[in-house]
Amino acid sequence: MNATVVAVAAAAGSALAVVLAALAAVLPAPRRDRILRALAHYGSAGPVPAGTARSPAGQLRLLLRALADRCGDVLTSERDRRRLVQGLDYAGNPPAWPLPRVIRVRPLAALATALLGAAVGHSLDRDSGALPGTLLGLVGGFLLPRLLLHNAGVKRRQQVLRSLPDVMDALVIAVEAGLGLDSAMDHVSRSMTGPMSDELRRVLQEMRLGVARAAALRALADRTTVRDLKRLVTALVQAGELGISVANILREHAQDQRVRRRQRAEELAQKVPVKLIFPVMFCMLPAIFVILIGPAVLQLIASFE
């Protein structure tokens, strides 16, 4: 039974790999990838040297990359692609992980986790544990990039929320010094670091490309999904439409952000005793009981004997 299950799982995995490779070889490359590959020859680095592409290692690398790209395109639907784009926006669009690379990593991660799941399942149940482990590994590896993007987006949202009061104070100082809103955002984006300054820099770049200020600010609120920033963007858009000075609005929101930051710090401080209950109960109290009650227990055992 053990050999039969392992043989069936190996045959199923081999058949799936052959089918995916065949689909990857038959399907044409996406139009966007073809354009990017054509433009890569005219980039700043110049055309790719002939020896690199003709070497066996380079050809194998290009072949594996092409197979991974095709498999990723086959396994990624248009709806899933839109979700990945949204997740990358929430994570700040890291330069090291563009959308094609994330799509390319998904089949590789699914294959690696499938092999790991098969090994773990076979070690737990030698009769029928390899097949469920393989299936769970495939699903987990396919969903792993989305989970990592979600985690990166949550961390970046927290960073934006923590840095928002300081950015607001800098904007208030710049506006009260006589700068306009666009010049103030440019000054803050150049003088500060962090995700909030990166978002302001992106807003200014979109405005230079012809996007209206209201649309660029709304896109900023949609990318960060921070409620306090959404309220600020709504107030700035309404002030721009009604012709109201933004200095008072920025001052009020900066003061409100300082109060909210202090309230969040107090809330986290009040949660500390609750979070310490379980470590104290399971880590410290047993050792204390052993030290304090252990000698008495030993004496009682000796007296009864």
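**A Predicted Helical Chain: Burial and Packing**

Good morning. I begin with S245, which is found in the loop between helix 11 and helix 12 (246-275). Helices (H or I, at least four residues) and strands (E, at least two) are DSSP runs, numbered from the N terminus. The model is predicted, with local features needing pLDDT of at least 70 and side-chain atom pairs pLDDT 80 or more, while totals for chains, interfaces and linings use all residues. Residues are numbered from 1 along each chain as its sequence is written, and side-chain values use heavy atoms, leaving out hydrogens and water.

Is S245 buried, partly exposed or exposed? With a relative accessible area of 47%, S245 is partly exposed; buried means under 20%, exposed over 50%, and partly exposed in between (1.4 Å probe, protein chains only). Along the chain, S245 and L181 are 64 residues apart, and their C-alpha atoms are separated by 9.8 Å.

Let us turn to the chain as a whole. Its secondary structure comes to 13 helices and 0 strands. Read from the N terminus on, the elements run α-α-α-α-α-α-α-α-α-α-α-α-α. The chain has 305 residues, of which 28% count as buried. Among contacts (heavy atoms within 4.5 Å) with a separation of 6 or more, 60% join residues 24 or more positions apart.

I now come to the packing of helices. Two packed helices are described by the angle between their axes and the distance between those axes. How do helix 7 (residues 130-176) and helix 8 (residues 181-191) pack? Their axes are 9 Å apart, and the angle is about 130°. Here axes are lines fitted to C-alpha atoms over the stretch in contact, and angles run from 0 to 180 degrees between N-to-C directions. Helix 7 and helix 8 are therefore oblique to each other; under 35 degrees counts as roughly parallel, over 145 as roughly antiparallel, 65 to 115 as roughly perpendicular and the rest as oblique. On the helix 7 side, the residues are V167, A170, L171, A174 and V175, and they meet A184, M185 and V188 in helix 8. By class, this contact of helix 7 with helix 8 has 8 nonpolar residues, no polar and no charged. Ala, Val, Leu, Ile, Met, Phe, Trp, Tyr, Cys and Pro count as nonpolar, Asp, Glu, Lys and Arg as charged, and the others, Gly among them, as polar.

Helix 7 has another partner in helix 9 (residues 195-208), where the axes come within 8 Å and cross at roughly 80°. Helix 7 is therefore roughly perpendicular to helix 9. From helix 7, R156, Q159, V160, S163, L164 and V167 meet P195, M196, D198, E199 and L200 of helix 9. This contact of helix 7 with helix 9 divides into 6 nonpolar, 2 polar and 3 charged residues. V167 thus appears in the contact with helix 8 and in the contact with helix 9.

Just before helix 7, in the loop that follows helix 6 (99-124), lies G129. Its relative accessibility is 9%, so G129 counts as buried. Which residues does G129 touch, leaving aside its neighbours within four places in sequence? G129 is in contact with G121 and H122. The C-alpha atoms of G129 and A119 are separated by 8.7 Å, the two residues being 10 apart along the chain.

The next pair is helix 10 (residues 213-224) and helix 11 (residues 227-242), whose axes lie 9 Å apart at an angle of about 170°. Helix 10 is therefore roughly antiparallel to helix 11. Helix 10 contributes A214, L217, R218, L220, A221 and T224, while helix 11 contributes L229, K230, V233, L236, V237 and E241. In the contact of helix 10 with helix 11, 8 residues are nonpolar, 1 is polar and 3 are charged.

Helix 10 also holds R223. R223 is buried, its relative accessible area being 5%. With neighbours within four places in sequence left aside, R223 is in contact with D89, Y90, E199, R202, V203 and E206. One of these residues, E199, also takes part in the contact of helix 9 with helix 7.

I close with helix 13 (residues 277-304), where F278 and F282 are 4 residues apart and therefore separated by about one helical turn. F278 and F282 are both exposed. Thank you for your attention.
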